[in-house]
Each structure stands twice: as C-alpha cells, then as structure tokens.
Amino acid sequence: MIAILAAAHQTSSQSTQQAVGYPTLFLLVALGSLVPVVPTGALVSGAAVVAFHQSDPVAPAMVFAVAALAAFLGDVALYWLGLRGVRSRNGSRWLHRLQQRADPHTLAAAERRLDEHGSAVLVLSRLVPAGRIPVMVACLLGEMPMRRFARGDVAACLAWAAAYELIGIVGGSLFPEPWQGVALAVGLTFVIAAGPTAARHVRRAWQERTAG
C-alpha cells in the first residue's frame with residue numbers, strides 16, 4: 001500500500017512538473033528567439049537533463065518538440081518584424097536592432113555563404129553560436145521571402161533543439177543528481193556561446209597589433 005501511494009505521489013509530482021515546465025520552456029525559448037538575450041541553448045540543455053532523470057520515456061521527446069517549435073515560431077516572428085522594416089522607407093526598430101547586433105565581418109561572411117548555399121545556411125547558423133542573427137540579417141537585406149525562410153528555418157530549429165538536448169542528455173548521464181547535470185550542461189552552453197566573442201576580441205587585438 002505504501003509503495004502504491006509513493007508511486008502515485010511520484011506520478012502526480014511529475015505530471016505537475018510537466019504541466020508547468022513545458023509551457024515555461026516554450027515561452028522562454030520563444031522569447032529568447034524573438035529577443036536574443038535569453039540563453040535558450042542553456043534552457044534546452046537544462047530541461048533535457050531533468051527529462052533524462054524522469055521515469056517518463058516521453059519526456060526527452062517532449063523537450064525536443066517544445067524547444068524546436070518555440071524556436072521556430074520565435075524566429076519566424078522576428079523575421080516577419082524585420083521584413084516589415086526592410087519594406088518600409090524608414091526601416092523599423094527591430095531591423096535596426098538586428099543590424100546593430102550583427103558584427104560587420106560576420107555579416108559579410110554570412111552574405112557570402114547565403115549567396116553560395118541559399119537557405120541551407122540557416123541550419124548552420126543555428127548551430128554556430130552567435131551565427132543566427134547575422135544570417136537572419138543577411139536574409140532580410142537580400143529580401144528572402146518569408147516562405148523560403150520558414151522552410152529553411154524548420155530544419156535549422158530541429159537541428160538546434162537536437163544538438164542542445166544531446167548536450168543535456170550527456171550531462172545528465174554523467175551524474176546521479178539532476179542538478180549536477182544541469183550545472184554541467186548550462187556551463188558547457190555558456191562556454192560554447194562565449195567562443196565567438198572571445199574569437200572576435202583576439203582577432204581585433206591581433207589586427208591592432210599588426211597595424212601598430
């Protein structure tokens with residue numbers, strides 16, 4: 001009887017966590033895709049660790065589906081707002097903000113890759129830290145139609161969700177406690193995200209040194 005009550009309590013607790021956790025994950029990832037300040041990769045990896053330690057085998061698949069859908073909807077909304085600015089004579093604050101977040105050197109490289117590979121470059125842009133915004137700006141400046149962008153972004157968001165969930169699953173499998181795996185997964189995602197910024201600082205320092 002005690003074992004049955006304990007199992008029922010565990011099932012109820014997991015159901016409550018799922019009812020709260022999945023909508024929260026969806027909202028945060030969508031917000032992070034729309035306003036690129038939320039560490040969405042860390043959110044997905046952390047959620048994947050928690051899902052890995054649950055007894056529900058469907059939980060990891062739910063994290064993947066929720067993250068991919070939220071990322072896609074956030075990307076499409078942001079692209080739609082930026083496209084309105086491209087078509088407007090005076091632009092828009094969304095387009096200006098996106099352009100300000102795109103490093104000129106990275107944007108030029110994104111435009112070259114877009115010319116060479118088309119919308120397929122969207123997949124790589126989602127997997128490379130800090131690569132999403134420059135490629136999106138390149139698509140906007142090239143006036144890529146929304147339908148074409150959305151088709152390419154579907155594969156990009158699926159690959160992105162799978163990659164960061166894999167980080168979380170690996171982190172969760174290394175430790176017995178979920179919080180340990182979450183700490184490792186979040187730490188890894190922040191290290192990965194900081195890579196491009198560190199590379200830019202090194203490149204600028206090298207350029208200044210050689211120019212001097």
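Which side chain does a polar contact of 2.6 Å join to that of Asp75? Select Asp75 and Arg132 in this predicted model: their side chains form the pair, at 2.6 Å.

**Stop 1: Asp75.** Stay on Asp75 and show the backbone as a cartoon; the residue belongs to helix H3, which covers residues 59-87. Colour by relative accessible area, and Asp75 comes out at 0%. Asp75 is therefore classed as buried, since that class takes values under 20%. Next, display what surrounds the residue. With neighbours within four places in sequence left aside, Asp75 is in contact with Ser33, Arg126, Arg132, Met136, Phe149, Asp153 and Cys157.

**Stop 2: the annotated spans.** An unreviewed UniProt entry lists residues 25-52, 58-83, 154-175 and 181-199 under "transmembrane region". Select 58-83: the span is 96% helix and 0% strand, and its end C-alpha atoms lie 37 Å apart. Then select 25-52, where the chain is 82% helix and 0% strand, with 16 Å between the end C-alpha atoms.

**Stop 3: the loop after helix H1.** Go to Val35, in the loop between helix H1 (2-34) and helix H2 (40-52). Is Val35 buried, partly exposed or exposed? Its relative accessible area is 32%, so Val35 counts as partly exposed.

**Stop 4: the surface patch.** Add Leu28, Leu31 and Val37 to the selection and switch on the surface; with Val35 they make a nonpolar patch of about 310 Å². Val35 can belong to such a patch because its 32% passes the required value of over 30%.

Definitions and conventions:
Residues are numbered from 1 along each chain as its sequence is written. This is a predicted model: local features need pLDDT of at least 70, side-chain atom pairs count only at pLDDT 80 or more; totals for chains, interfaces and linings use all residues. Side-chain values use heavy atoms; hydrogens and water are left out. Patches are made of residues with over 30% relative accessible area and no salt bridge: like charges are joined within 9 Å, nonpolar side chains (Val, Leu, Ile, Met, Phe, Trp, Tyr) within 5 Å. Accessible areas come from the Shrake-Rupley method with a 1.4 Å probe; for residues, only the protein chains shown count as cover. A salt bridge is a side-chain nitrogen of Lys or Arg within 4 Å of a carboxyl oxygen of Asp or Glu. Helices (H or I, at least four residues) and strands (E, at least two) are DSSP runs, numbered from the N terminus. Buried means under 20% relative accessible area, exposed over 50%, partly exposed in between (1.4 Å probe, protein chains only). UniProt positions are given in the numbering used here, feature names are shortened, and annotations may be inferred rather than shown by experiment. A polar contact is a pair of N or O atoms within 3.5 Å; within protein, one must be able to donate a hydrogen and the other to accept it, and residues adjacent in sequence count only if both atoms are side-chain atoms. Contact means heavy atoms within 4.5 Å.
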